[in-house]
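Here is a briefing on how the parts of one structure meet, written for a reader who is new to reading interfaces. Please look over the sequence and the structure first, and then follow the points below.

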Protein chains: 2
Amino acid sequence: MSEKPEYSPKMQTLLERVAEFTDLQHIMAVLGWDQQIYMPPGGAEERGLQSAALGRILHEKFATEEFGQLIADLEAEVGDLNAETDAARSVKTVKRAYEKQVKVPLPMLMETIKAQTMGHEAWVKARAQSDFSIFQPHLETLVDLRKQYADLFKPYDHIYDPLLDDFEPGMKTTEVKEIFDALRPQQVELLQEIAEKEPPDNSFIKQHYNEEHQELFGRHVITCFGYDWQRGRLDVAPHPFTTEFGYGDVRITTRYLKQDGGSALFSTMHESGHAMYGQGVPEKYKRHPLGGASSLAIHESQSRLWENIVGRSKAFWSHFYPSFQMLFSQHLGGVSLEDFYRGINRVEPSFIRVEADEATYNMHIMLRLEIEIGLMEGTMNVADLPEIWNSKMQEYLGITPPDDAVGVLQDIHWSGGMIGYFPTYALGNLASAQLWEKLLEENPDVPDEIARGKFDTILGWMREHVHQYGSKFEPQEIMLKATGSKITPEPYMAYLRKKYTEIYDL
Amino acid sequence: MSEKPEYSPKMQTLLERVAEFTDLQHIMAVLGWDQQIYMPPGGAEERGLQSAALGRILHEKFATEEFGQLIADLEAEVGDLNAETDAARSVKTVKRAYEKQVKVPLPMLMETIKAQTMGHEAWVKARAQSDFSIFQPHLETLVDLRKQYADLFKPYDHIYDPLLDDFEPGMKTTEVKEIFDALRPQQVELLQEIAEKEPPDNSFIKQHYNEEHQELFGRHVITCFGYDWQRGRLDVAPHPFTTEFGYGDVRITTRYLKQDGGSALFSTMHESGHAMYGQGVPEKYKRHPLGGASSLAIHESQSRLWENIVGRSKAFWSHFYPSFQMLFSQHLGGVSLEDFYRGINRVEPSFIRVEADEATYNMHIMLRLEIEIGLMEGTMNVADLPEIWNSKMQEYLGITPPDDAVGVLQDIHWSGGMIGYFPTYALGNLASAQLWEKLLEENPDVPDEIARGKFDTILGWMREHVHQYGSKFEPQEIMLKATGSKITPEPYMAYLRKKYTEIYDL
């Protein structure tokens with residue numbers, strides 16, 4: 001750290017400690033990546049113990065009084081933790097993480113890690129057999145542990161606040177509810193208008209597409225976007241995700257569906273958005289307190305932007321469709337660009353969140369948020385979830401899942417005890433359109449550039465307004481700086497309405 | 001550990017500590033596996049730091065006075081460390097590892113880990129460009145660190161002893177020299193006799209074989225051998241290896257050569273031998289002091305047995321050749337079983353150790369051993385290695401490598417500071433034939449079984465006489481118990497002479 005003389009000796013000690021902390025977290029990520037992608041079944045038990053051992057070491061090394069004292073000293077040294085210097089924000093970030101660590105007693109942490117490992121294994125089996133009862137006791141344990149966790153942060157305005165705060169620093173349950181309350185009627189109205197129209201045909205994409213060609217095309221597209229392969233790679237995983245092992249190694253995964261030629265592509269574009277955010281955090285923040293992301297919603301704003309606002313746009317396909325059509329000539333030989341574009345943007349209530357179109361996606365999130373709040377408030381029981389899920393699906397989207405595998409068991413999150421995560425997806429949608437609106441205002445030629453296969457203005461703008469800050473600013477600060485406003489539903493609804501008015505002739 | 005009431009409370013404490021130690025070592029193995037197979041180039045620097053962080057934690061956690069005291073207490077409790085109980089041998093094993101750990105000062109350990117990481121990166125580049133000068137300064141550092149390491153174990157009979165002991169517990173340099181001195185003239189004589197004969201044609205195998213079919217066949221063969229896929233997997237790596245992440249996860253790798261249809265197959269069989277040893281150590285030794293292997297030579301006896309004694313035998317191919325011929329009909333349609341068998345056993349001085357035939361392989365090892373001893377004694381300089389290498393190749397095998405990539409730079413070992421490892425390959429060859437001789441004596445039907453594609457007698461015998469003991473016994477103890485004699489060259493030379501007399505009509 002001697003090359004950074006701007007930091008005080010105490011600050012340098014902090015940075016060295018955080019660097020080691022970061023190394024261990026990245027090791028944990030390697031274990032998780034392998035577990036989800038390559039590990040044989042026999043490895044599960046010992047892998048769980050390995051992750052637990054590492055988690056325990058992380059806890060022991062950093063939840064110490066001495067480290068707390070260092071933070072306290074630095075707080076005094078730095079003064080205002082909200083000052084916009086790297087030093088102040090580093091101390092703020094570390095303090096936040098430290099306080100979350102020390103609040104959790106070691107036995108609870110150990111129990112949680114174990115419950116997550118076992119919950120994940122049970123969920124995999126439950127989903128494969130579409131049998132919720134296999135997962136139910138594990139989810140009960142996990143929900144109970146989350147309640148115990150939330151209670152460590154009393155007093156709170158709402159029991160869901162501490163969980164939400166883990167993913168959206170500074171965000172409150174009431175704020176999210178307000179945003180969703182404003183959004184819901186507008187989404188419902190749009191969906192009703194669309195439902196009255198004839199849906200475009202998309203049968204040409206709901207077929208078996210050659211996987212190798214899908215991979216070739218997906219790799220090509222994200223290379224054009226600006227994904228850096230020297231610092232990343234693409235693998236296949238049952239549930240696509242992005243993971244970071246450091247500044248120099250940000251990996252993505254995708255999955256190929258048997259009867260859908262678009263799913264893997266959009267999923268690859270989505271993950272590349274996450275990964276380009278990770279790759280865009282500057283090298284000076286390598287192994288540094290500010291080396292992360294602002295929040296999951298900001299992360300999701302990047303992934304949804306590349307997947308949807310860019311990847312499902314007319315401009316994008318006006319450039320890429322000829323290549324795509326060439327690779328999948330037997331499916332698309334007779335399909336015009338216009339029909340293709342309309343087809344891949346067909347609005348259709350569906351069971352699976354990650355396959356949902358842009359107009360229905362947020363409804364999936366609202367359903368999950370209501371369940372999560374219900375579970376935490378104790379007004380819903382885990383045992384009733386399949387029924388609650390199915391009735392809410394009927395209410396919001398007018399369809400009922402045929403089984404729990406495509407219903408309440410579809411998502412991985414709860415199996416790892418992640419409650420409070422889902423709303424960030426919808427917030428990310430809203431943020432993506434809000435950032436996009438501003439980007440277009442400043443760069444009106446961007447749609448033309450996309451139509452020429454050029455994406456550097458977009459990536460450059462995101463680097464400047466989002467990525468370069470790492471985790472220095474909270475999500476609402478990022479949005480305020482970049483767009484002049486906190487997260488608000490209007491730009492997203494305007495974007496949706498414009499897009500679907502054209503496609504559906506509303 | 002409460003289900004093991006045969007252990008004393010102190011012993012249970014030891015087992016719990018070792019279990020955690022083992023978890024962390026297995027995490028280290030995961031990091032290394034990914035680094036060699038999947039990591040993008042940008043990840044190298046941070047991965048090195050991650051491994052170093054974990055190495056430091058292992059050292060800090062276990063090189064403590066308190067842990068030393070626990071071992072001392074247990075030594076008093078157990079009495080004779082050479083008693084053939086699990087408790088005694090566990091204490092012996094842990095004491096051995098502990099003493100090696102505490103002798104190394106932390107700064108030297110850190111420097112070594114760093115030098116290994118950088119040495120590996122430099123070696124990769126040097127080999128790719130066939131430029132020894134890129135690797136030379138790193139190797140000089142590594143050799144110097146090995147000398148410093150050996151000196152920690154003074155007094156020794158020979159400076160090479162402490163290095164050898166890391167891989168072959170209890171083995172001395174003089175012992176190895178004696179074995180090699182007895183072996184060398186017999187190998188040279190056999191090679192000379194062979195050189196006077198017309199070599200069989202092997203051009204049919206030195207061609208491009210379809211990789212997918214190679215993989216299919218390789219997977220099939222090791223499945224027949226008994227490799228457990230529930231607890232393993234096969235990947236592609238530039239330098240094939242086996243690695244263990246626990247009782248339930250023992251992985252292998254292979255590599256496909258462009259102009260050789262046999263290399264990947266024999267390499268896969270080789271690694272499966274290592275892996276079946278790992279998978280054969282009983283579950284009671286999971287995360288246990290005795291959960292490892294006896295030594296590298298014993299490990300190599302398993303890999304060489306399955307690769308060569310089984311995999312290059314007439315009996316093996318009498319069963320598998322029809323399938324192999326079917327898959328590679330365009331290459332082998334007109335090649336008889338007899339010609340195929342003779343071809344894959346052609347003796348030919350060659351540059352690359354891992355591609356060497358059984359008759360020349362040990363010469364590659366002798367060359368390396370002499371260089372390693374020379375480097376450690378200080379009678380050879382790193383700078384002169386390319387020249388020394390080439391002149392010894394000329395002396396032993398009558399050929400001179402065209403460049404350093406297929407000469408002194410071919411092996412990964414020195415790049416990771418592994419000096420003292422190579423002799424275990426030759427010792428493993430000798431041990432493989434010695435075990436095989438005994439196995440045949442007790443099970444004369446085994447060749448017939450192989451010819452019917454049955455391998456369970458072989459695997460069962462190895463499980464009983466080798467695998468079941470884990471690391472409980474030293475290599476010479478294993479050999480004595482299994483065969484009635486320590487490692488000796490006679491069975492291997494008898495095996496080679498019989499095999500090549502038939503093939504070459506000596």
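**Briefing: how the two chains and the two domains meet**

In this predicted model, 39 residues of chain B are in contact with 39 residues of chain A. Of the area that chain B buries against chain A, 18% is supplied by Y38(B), E46(B) and Q50(B), which is more than any other three residues supply. The points below take the contact between the chains, then the relation of the two copies, and then the domains of chain A.

**The interface between chain B and chain A**

- Between them, chain B and chain A bury about 3,100 Å², and carbon and sulfur atoms account for 57% of that area.
- The interface of chain B and chain A holds 10 salt bridges, and in a salt bridge between K286(A) and E45(B) the side chains meet at 2.9 Å, taken from N to O.
- There are also 18 residue pairs in polar contact between chain B and chain A, counted where both residues are at pLDDT 80 or more.
- On the side of chain B that touches chain A, at least two residues each come from α1 (9-37) and α2 (44-62) of chain B, and α2(B) gives the most, with 11 residues.
- Sorted by class, that side of chain B has 16 nonpolar, 8 polar and 15 charged residues.

**How the two copies are related**

- A turn of 180°, with a shift of 0.0 Å along the axis, lays chain B on chain A with an RMSD of 0.0 Å.
- The two copies are therefore related as by a two-fold rotation axis.
- The same surface serves both copies, since 100% of the contact residues of chain B recur in chain A.

**The two domains of chain A**

- Chain A is divided into domain 1 (9-103) and domain 2 (173-211 + 294-504), and the C-alpha centres of these two domains lie 32 Å apart.
- In chain A, 7 residues of domain 1 are in contact with 7 residues of domain 2, and the area buried between the two domains is about 550 Å², of which carbon and sulfur atoms give 35%.
- Across this domain interface of chain A there are 4 salt bridges, and the side chains of E474(A) and K92(A) meet in a salt bridge at 3.5 Å, N to O.
- Helix α4 (residues 86-103) of chain A provides the largest share of the side of domain 1 that touches domain 2, namely 4 residues.
- The residues on that side of domain 1 of chain A divide into no nonpolar, 3 polar and 4 charged.

Terms used:
Residues are numbered from 1 along each chain as its sequence is written. Chains are lettered from A and ligands numbered from 1 in the order in which they are written. This is a predicted model: local features need pLDDT of at least 70, side-chain atom pairs count only at pLDDT 80 or more; totals for chains, interfaces and linings use all residues. Side-chain values use heavy atoms; hydrogens and water are left out. Contact means heavy atoms within 4.5 Å. Buried area is the accessible area (1.4 Å probe) that two parts lose on being put together, summed over both. A polar contact is a pair of N or O atoms within 3.5 Å; within protein, one must be able to donate a hydrogen and the other to accept it, and residues adjacent in sequence count only if both atoms are side-chain atoms. Ala, Val, Leu, Ile, Met, Phe, Trp, Tyr, Cys and Pro count as nonpolar, Asp, Glu, Lys and Arg as charged, and the others, Gly among them, as polar. Copies are superposed by least squares on the C-alpha atoms of residues with pLDDT of at least 70 in both. Domain bounds come from an automatic or database domain assignment.
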